[in-house]
Amino acid sequence: MSPESAPLNPPRASRVAIVGCGFVGATTAYALLLKGAVGEIVLIDKNEKLAEGHADDLRDAELYSHTARVFVGDYSDCATADVIIITAGLSQAQMGASRLGDLLGCAAILKEIVTEIRRHNPSGILLVASNPVDVLTYAVGKWSGMPPGRVIGSGTSLDTTRFRRRLAQHFCVASENVHAYIIGEHGDSQVPVLSSARIAGMSLQDFCVEQGLAYDESIFKAIAQKTRTAGLDIMHAKGATYYGIAAAMSRIVRAIVKDENAVICVSSHVPAELGLGDVCLSLPATLNRQGAGRPLKITLCQSERAALEHSAEVLKGYISHLQL
C-alpha cells in the first residue's frame, strides 16, 4: 500500500486490561493470547515484578500463538480498554473459616481498585471474576457508577459449561449439542435448569425415549450436584481453579470485542420486572460491545423458580453486609 492510500486513522487495536496477576488473571491473559481474541493485553498488579514476569512469559508464547502487544501498565491504561477484567482478591491461603469475613476482605480490595479505575473514566466494560462474584459484581456496579449492562460478572458461565459437559458425557453426545443452563448464584444456591434442557433440540425425556434410554431424574440431580461441587473438588485436589474460568473469561471477552451478540450465562443486575429484587445473579444474556443485554426470561418450572428466588435471597443477605 502506498503512503497516499494508507488510512489516516488505522483502527485501534482492541485492548483488555487485567487487574490482578494471580492464577486466574495470568491464565486469563494466556487464554486470550492463545485465542487471538484481542490486540493488546495490559497487566496491572500492585506487585509489578510479578506482572513483568508474566508479561515476559506471555511474550515468549506469542510466536506459538497469536500476535498481541502484552505489557505491564497502570490504572490509566483502563481508560481506553474495551474490557477491564478484575480478578484481584484474597488468595485461597488468605481465606479463613468465615465466608462473610472473606467477602468483606475481598470487597475492601475491590473498592480500592474500582476507585482507581473510575478516576480514569473508563469507556469499556467491567468484567468481574473475583469471588463471591455475584455479590462483588453488585458492589462494583454501585462503586463504579457505570450503567448495569457495562458491569458483568463471570457468574455461572463456567458452571453452565460444566453442566453441559457432564450431561454430554452421560448421553454420549458432543457438548455443543447440549443446551442447558445453571442460573442464580455462582455458589451453593445455584439452580440447574433441567425443565428446559435440550439435546439436539429435544427435551431430556424425549431424547431418552428416542434413544431407548431410561429417564431417571435422580441421575440428572446427581449430575447437577457434581456440577455444584466441581470447583471445590478441584481446589481440594490442586489448591485453586484457573484453567476453566480463564477459558470462560476469554469466551466472554471475545463475545464483547467481536460484537457477537452471543448468549452466555453471566452475572448482571436483574431488572425489577423479574421480581427477584435488587441483586446481581446469573441468567442468559446477549453480549456485545455495549456489554450485557437484558437477561433473558427463560422458562422455569415451579420448583426452579422457587430455587431461583431462594438464590436471590441468599445473595441479598450477603449484599446487606457491604458498605455501598
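These legends accompany close-up views of cysteines and of one helix in a predicted model. Residues are numbered from 1 along each chain as its sequence is written, and side-chain values use heavy atoms, with hydrogens and water left out. Local features need pLDDT of at least 70 and side-chain atom pairs count only at pLDDT 80 or more, while totals for chains, interfaces and linings use all residues.

**View 1. C78 and its closest cysteine sulfur, in C21.** Searching the whole structure turns up zero disulfides, a disulfide being a pair of cysteine sulfur atoms within 2.5 Å. The C78 sulfur lies 12 Å from that of C21, which is too far for a bond. With 0% relative accessibility, C78 is buried (buried: under 20% relative accessible area; exposed: over 50%; partly exposed: in between; 1.4 Å probe, protein chains only).

**View 2. C301, a cysteine in no disulfide.** Its nearest cysteine sulfur belongs to C265, 16 Å away. C301 is partly exposed, at 29% relative accessible area.

**View 3. Helix α2, residues 48–62.** Helices (H or I, at least four residues) and strands (E, at least two) are DSSP runs, numbered from the N terminus. The end C-alpha atoms of α2 are 21 Å apart, in agreement with the 21 Å expected for 15 residues (1.5 Å times one less than the number of residues).

**View 4. The two sides of α2.** Buried here are A51, A55, L58 and A61. They sit on the same side of α2 because their arc is only 120 degrees around the axis, taken from the directions from the helix axis to the C-beta atoms. On the other side of α2, look for exposed K49, D57 and D60.

**View 5. Packing partners of α2.** Its buried residues pack against α1 (23–35), β2 (40–44) and β3 (69–72), where contact means heavy atoms within 4.5 Å.
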